[in-house]
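The exercises below concern a predicted model. Please work through each task with the structure at hand before reading its solution.

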Amino acid sequence: MGKNRDIENNGGNGGTDKLIEKFDRLVEKKGITLRDADNFKVMENVFDDQTLLALYKLVNKGKISAIGGSISTGKEANVFYAEDGDGHPAALKIYRIQSANFNTMGEYMAGDPRFSSIRKSKKEFIFAWTKKEYANLIRARDSGINCPQAYLFDRNILLMEFCGDRETGTAYPQLRQAAAGFTKSQGEEIYHAIIADMKTLFNGASLVHADLSEFNILFDGEKHIIIDMGQAVLPEHPGAVRYLIRDIKNINRFFSRFCEPLDDEAVFKEIVGAERMQP
């Protein structure tokens, strides 16, 4: 506890440099593999004091045994290859506290009773958002959705299942990339499978993804994997209908190259039931 208290008190100019030094010493002491160390530490707006503190605690508790290179850089977060405490491949998602779009993210948080009491500071908001994605992944996975298994979260860090080739550490391609090799029949099959997942997500997990597209779906060579669940909302959210219609339109647009998509309104009613909502 003394070390953690020391690391929390490293504020002001040079605070992050001191944290990095402490983190380096802990990594060396614990025998943790830190790949691409220079790139890992100097990325602006990712490894600030709060993030390094959270990483320090996770390493110190033996939750992470390796930290690797970048998998992806999104609008609000960076994802790195990692290994959990048992050496199994994992994905380390880090939400950027300083540069995340607070206003855009707030649209999805407002109206969610699970997070109605969060503070208004950017730091507390990002911490709550990370918790929200963790909770959404658990709900989706429990309902049978093929999505990454969430392992743990701490502050702005989410550790989850790595979706990719475990031998090479290469992530599975996004649907937009993988679809180049689809036959029409394969594309149509995947289309109907995704529509079925949207129905399961809504009725089984009580969630609307709210940003579903070819960018937030991976393909492992046989089946699709739905990712990026931070913005997903409950059906009671004031924007749920609008988000669901947008998701439907995105999927119908993308798969129109493979098949004749179902009518947007027909898909909507199939998902939610004609008696529950009207678009």
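**Exercise 1: the surroundings of Ile251**

Task: identify which residues Ile251 touches, not counting residues up to four places away in sequence, and then place Ile251 within the nonpolar interior.

Solution: Beyond residues up to four places away in sequence, Ile251 touches Tyr191, Ile194, Ile195 and Met198, and also Leu212, Ser213 and Ile217. The next step is to turn to the largest nonpolar core, which has 57 residues and in which Ile251 is listed with Ile194, Met198, Leu244 and Phe255 as those with the most contacts inside it. Apart from this core lies another, of 17 residues, including Val46, Ala54, Ile64 and Leu152.

**Exercise 2: the packing of helix 8 and helix 9**

Task: determine how helix 8 and helix 9 are oriented to each other, and which residues make the contact.

Solution: The axes of helix 8 (residues 184-204) and helix 9 (residues 240-255) come within 10 Å and cross at roughly 170 degrees. Since angles over 145 degrees count as roughly antiparallel, the two helices are therefore roughly antiparallel to each other. Helix 8 contributes Gly187, Ile190, Tyr191, Ile194, Ile195, Met198 and Phe202 to the contact, while helix 9 contributes Leu244, Asp247, Ile248, Ile251, Asn252 and Phe255. By class, the residues of this contact divide into 10 nonpolar, two polar and one charged.

**Exercise 3: the chain as a whole**

Task: state how many helices and strands the chain has, and what share of its residues count as buried.

Solution: The chain has 10 helices and 10 strands, and 49% of its 279 residues count as buried. Its accessible surface comes to about 13,300 Å², of which 46% belongs to carbon and sulfur atoms.

Key
Residues numbered from 1 in each chain as written. Predicted model: local features only at pLDDT ≥ 70, side-chain atom pairs only at ≥ 80, totals over all residues. Heavy atoms only, no water. Axes fitted to C-alpha atoms, helices over the stretch in contact; angles between N-to-C directions. Helix = DSSP H or I, 4+ residues; strand = E, 2+ residues; numbered from the N terminus. Parallel < 35°, antiparallel > 145°, perpendicular 65-115°, else oblique. Contact = heavy atoms within 4.5 Å. Nonpolar A, V, L, I, M, F, W, Y, C, P; charged D, E, K, R; others polar. Buried < 20%, exposed > 50% of the residue type's maximum accessible area, 1.4 Å probe, protein only. Areas by Shrake-Rupley, 256 points an atom, 1.4 Å probe, with all protein chains shown as cover. Core = buried A, V, L, I, M, F, W, Y, C linked by side-chain atoms within 4.5 Å.
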